[in-house]
Amino acid sequence: MISPTSRHRYNSDAETLPVGYNSTILKEFVDTLERLGDAQTLDVGPVCQENITFFARRMARHHVCDMFSWLKRENGKELRTGDEWKYFDYPERNFNGIQLWDLCDYLEDADMIRLVKLCYKMLRASGLLMLIAFEKKPAVSIANTFVIGQGYRVDIRPQPHLELPWKFRHNRALTSLLSHFIIVRSFRYHSGIREFLFKKPKSVRD
Amino acid sequence: MLKRPKKDENNTSFPAAGTAEVKPTPPTPSPNVSPERYTSEEKTTIGERITIEGSIRGDENLTIEGAMKGNIEMGKHNFSIGPNGRIDGEIHAQDVTINGQFKGTIKALGKVAVTKKADFNGEIKAKSFSVEDGAYFKGVVELDREPHKQPAAAEIPRGPSVPEAAKKPIVPRTDVKVEK
C-alpha cells in the first residue's frame, strides 16, 4: 500500500540545507557502470555542468533530460492534458543507469508511479536506479543540484529558478512506490539525506 | 543583415585568461598564423531578421542571431547562437556557444558552452563542455573519455555466463552512515 505524501508546508521541521557528504551510493553506482565499459546513463537534472562532465567522461553515452525544468513549466499550467510525460521519451531498455537524484521529492504519487514505470521500461536488465530523498523540509522550497566533486563528495547547490512544492515520503512509502525494483542498498546520513540504489531484476524478456 | 568584419568586443564566449588588456593588432599576412589568432580578429554576425535554409561553410567566426535550418561547417573557427537565435541542424566548429534555441547535433573540436539563456535539444560531441544552471537542456553529451576500469567479474550479470558470486540473491541492506 502506498502511504500518502505530505507537502512540506505541513511539516514544521524546516531545516537549512545539509552540508556536503561523501556519497557511498554514488560511488557504487558509478563503479558498477564503469566496469561495463559501454554504459549509457540518464540524468534527470537539474542541469549541472560538473555532473554532466563527470558522467560524460566515464560513460559511453550520457543523456540529460532536465525534468525539474519540465516540472516547473508543467506546474505553471492550469490544466494538464495527460500527455505531459511525452517529454520523457526514451526507448525501452536503453540505459544501464538512471540518476533520479531527489526528483521524487517534487512529484505527487500519480506522477511518481508514472516516472517509476517509465524508468523501469527504459532500464536494461540489471540496470541501476539511484535516488536521494531529504528527511526534513528544506528551509526554502527550491530544488537543488547534487554537485559531484572529488572522491564522490556531493555538495548541494540551490537552484533559485526552480521553486517547486516539496513532498515528504517515509522510507516505506518510497520503497513501496519502487516495489518493481530490487533494493540493493540504502544509506541514511545524519545530515538528513537518504540515498537508495535500486536494481531492475533480470527478466526473461530482457 | 550581414555585419563584417567585426571586432570581437561583444563576444562573451570562451574568454581566454589574461586577454583583458590585449590591444588589437593588425592581422599579420603570414601563412603560419594560427586559426585561433585569425578567428579572434574576424567575425560575421547574421542578424535577427534573417532566416536561412540551407548550409553554411565558413573560414572565420560566425554568430547567428536569426533563424537557420541546415548544416553549419566552420572547420577550426568558432560558432555561436545569439540569445534570439534559433537553429535546427548540425554544427561542426572549433568552439560553440549556445545562447538561444538549438535542436540538432554539435561536433566541436574544442569546447561547447551552453548558457542559461539557451534551450538545447540534441547531441554534443566535444572535447569539453560547460552549461550554466538554468539552461533548458535535453540531450546526449559525449566527451573524450577517461580510461575506464577493465570489466571485472561482473557485478551486473550480462550474457549467458554468470559467475557464481553474481548468482547469489541480492540481500537488501540498510546502513546508517555517520558524516562528521
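## Chain B at a glance

In chain B, of the contacts with a separation of 6 or more, 14% come from residues 24 or more positions apart. Keep in mind that we're looking at a predicted model here. As for secondary structure, chain B has 16 strands along with two helices. The chain runs to 180 residues, and 29% of them are buried.

## How far to trust chain A

Over in chain A, the mean pLDDT comes out at 86, with 86% of the residues at 70 or more. The low point among its elements is strand β1 of chain A (residues 6-7), where the mean is just 38. At the other end of the scale sits strand β3 of chain A (residues 40-43), with a mean of 98.

The stretch covering residues 1-14 of chain A has pLDDT below 50. Even so, the model gives that stretch 30 contacts beyond near neighbours in sequence.

## A three-stranded sheet in chain A

Chain A has an open sheet made of three strands, and reading across it you get β2-β8-β7, with antiparallel pairing. The edges are taken by β2 (21-22) and β7 of chain A, each of which pairs on one side only.

What links β2(A) to β8(A)? Two bridges do the job, in the antiparallel sense. For a specific pair to look at, try A:Tyr21, whose bridge partner in β8(A) is A:Val154.

## Helix α3 and its neighbours

Helix α3 of chain A spans residues 67-75, and its buried residues are A:Met67, A:Phe68, A:Ser69 and A:Leu71. Which strands do the buried residues of α3(A) pack against? From chain A there are β4 (61-65), β7 (142-148) and β8 (153-163). Chain B chips in too, with β15 (136-143). Two of those chain A strands, β7 and β8, also turn up in the open sheet described above.

## Zooming in on A:Leu131

A:Leu131 belongs to strand β6 of chain A, which covers residues 123-134. Is this leucine, A:Leu131, buried or exposed? A:Leu131 counts as buried because 24 C-beta neighbours fall inside 10 Å, and the cut-off for burial is 20 or more.

Leaving aside residues up to four places away in sequence, A:Leu131 touches A:Leu100, A:Trp101, A:Cys104 and A:Phe196. There's also a distance to note for A:His170, which lies 39 residues from A:Leu131 along the chain: their C-alpha atoms are 14 Å apart.

Note on methods:
Residues are numbered from 1 along each chain as its sequence is written. Chains are lettered from A and ligands numbered from 1 in the order in which they are written. This is a predicted model: local features need pLDDT of at least 70, side-chain atom pairs count only at pLDDT 80 or more; totals for chains, interfaces and linings use all residues. pLDDT is the predictor's confidence in each residue, from 0 to 100. Helices (H or I, at least four residues) and strands (E, at least two) are DSSP runs, numbered from the N terminus. Two residues are in contact if their C-beta atoms, placed from the backbone, lie within 7 Å. A residue is buried if 20 or more other C-beta atoms lie within 10 Å of its own, exposed if 12 or fewer, and partly exposed in between; C-beta atoms are placed from the backbone. Two strands pair if DSSP finds at least two bridges between them.
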